[in-house]
Amino acid sequence: MASVTSRCSGLLLQDLRPGLAGLRSRSPPPSSSRVHLRRCRRRPRTLSCVAPPDSAEPKTDEQQVKAELGEEKAQPSSSTPQEAAVDPPVPDRGLNRRIAVLTTLAAVGLFGSQRLQLGGFSLKDLAANAVPYEEALSNGKPTVVEFYADWCEVCRELAPDIYKIEQQYKDRINFVMLNVDNTKWEQELDEFGVEGIPHFAFLDKEGNEEGNVVGKLPRQYFLDNVVSLASGDPTIPHARAVGQYSSAEFRKVHQVADPRSHG
């Protein structure tokens, strides 16, 4: 009887195993496995450590060097009061005197060189040695009339060349100088149309104007006209030429003590 019962139970188990296997596969996992899966899905929390206020992070070598340099700049200069109280250097009086002497010598040398360029003559000297205007109109020679002023820079600059040419041709040509500051020559200023100085008017033997040259021009312009006058040519090569000049409107008019003066 017992053997029959065991056989029956064995058959029943064999019949039930497939069903039990399906139930096992369909049954949900135990609660402990769910809890384990949920814990695996959660992201771990990050922990941050807050340093206490009195704690300081260690500095790197670069930060340490910058901090030391900043402290050095912030520190005041370590100069002692004795160094700060050093008296300023006393000026060398001997050196100042030597500079003053050299400056004076340079000024004298410059003045002397200008005098040498003029052959030892100034504009006033040239005017004093010039032929009087009335005489030039009556002696039968060609004439060069220069209208000038002592304050005229261009007149002073051209004076050396005019002087050299005058010394070469003074026996054949009259060289006349008329100061535009002299009220005596108001009529001549209007007659020759003087607007700028120096103004050179070239006259033939009869006193007729053949042309004029105004202002700073090459020396050859003036020389060509003088040679033409000395040769008796009917015309001059440069009948009308204008260069850099000083305006006659700025002339300093003054009365002349001697009305016979041609200066």
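How many cavities of 30 Å³ or more does the structure hold? The points below take up that question first and then turn to the core, to one loop residue and to the chain as a whole.

1. In this predicted model, the structure holds 1 cavity of 30 Å³ or more, and the volume of the largest cavity comes to about 50 Å³. Its lining is made up of Ala130, Val144, Glu146, Ile162, Glu166, Phe175, Val176, Met177, Phe200 and Phe222. Two or more of these lining residues are given by each of the elements β1, α8 and β2, and β2 supplies the largest share, with 3 residues.

2. As to the character of that lining, 8 of its residues are nonpolar and 2 are charged, while no polar residue takes part. Glu146 and Glu166 are both among the residues that line the largest cavity, and they stand there alongside residues such as Phe175, Met177 and Phe200.

3. The largest nonpolar core has 43 residues, and within this core the residues that touch the most other members are Val144, Val145, Phe147, Ile197, Phe202, Phe222 and Val226. The core draws two or more residues from each of α6 (123-129), α7 (133-136), β1 (143-148), α8 (153-169), β2 (174-179), β4 (199-203) and α10 (219-231). Among these elements, α8 gives the largest share of the core, namely 8 residues.

4. Val226 deserves a separate look, being listed with the core residues that touch the most other members. When its neighbours within four places in sequence are left aside, valine 226 is in contact with Val144, Ile165, Tyr169, Ile173, Phe175 and Phe202. Of these partners, Val144 and Phe175 also belong to the lining of the largest cavity, whereas Val144 and Phe202 are listed with Val226 among the core residues touching the most other members.

5. Asparagine 182 is placed in the loop between β2 and α9 (186-191). Is this loop residue, asparagine 182, buried or exposed? Its relative accessible area is 2%, which is under the 20% cut-off, and asparagine 182 therefore counts as buried. A polar atom of the asparagine 182 side chain lies 2.9 Å from the backbone nitrogen of lysine 184.

6. For the chain as a whole, the secondary structure amounts to 10 helices and 7 strands, and 26% of the 263 residues are buried. If one takes the contacts between residues at least 6 apart in sequence, 76% of them join residues at least 24 apart.

Methods
Residues are numbered from 1 along each chain as its sequence is written. This is a predicted model: local features need pLDDT of at least 70, side-chain atom pairs count only at pLDDT 80 or more; totals for chains, interfaces and linings use all residues. Side-chain values use heavy atoms; hydrogens and water are left out. A nonpolar core is a set of buried Ala, Val, Leu, Ile, Met, Phe, Trp, Tyr and Cys residues joined through side-chain atoms within 4.5 Å. Buried means under 20% relative accessible area, exposed over 50%, partly exposed in between (1.4 Å probe, protein chains only). Helices (H or I, at least four residues) and strands (E, at least two) are DSSP runs, numbered from the N terminus. Contact means heavy atoms within 4.5 Å. On a 1 Å grid over the protein atoms alone, a cavity is a set of points where a 1.4 Å probe fits but cannot get out, and a pocket is an open set with protein on both sides within 12 Å along at least five of seven lines; lining residues have an atom within 4 Å of a point. Grid points are joined across faces, edges and corners, and a volume is the space filled by probe spheres set on the points. Ala, Val, Leu, Ile, Met, Phe, Trp, Tyr, Cys and Pro count as nonpolar, Asp, Glu, Lys and Arg as charged, and the others, Gly among them, as polar. A polar contact is a pair of N or O atoms within 3.5 Å; within protein, one must be able to donate a hydrogen and the other to accept it, and residues adjacent in sequence count only if both atoms are side-chain atoms.
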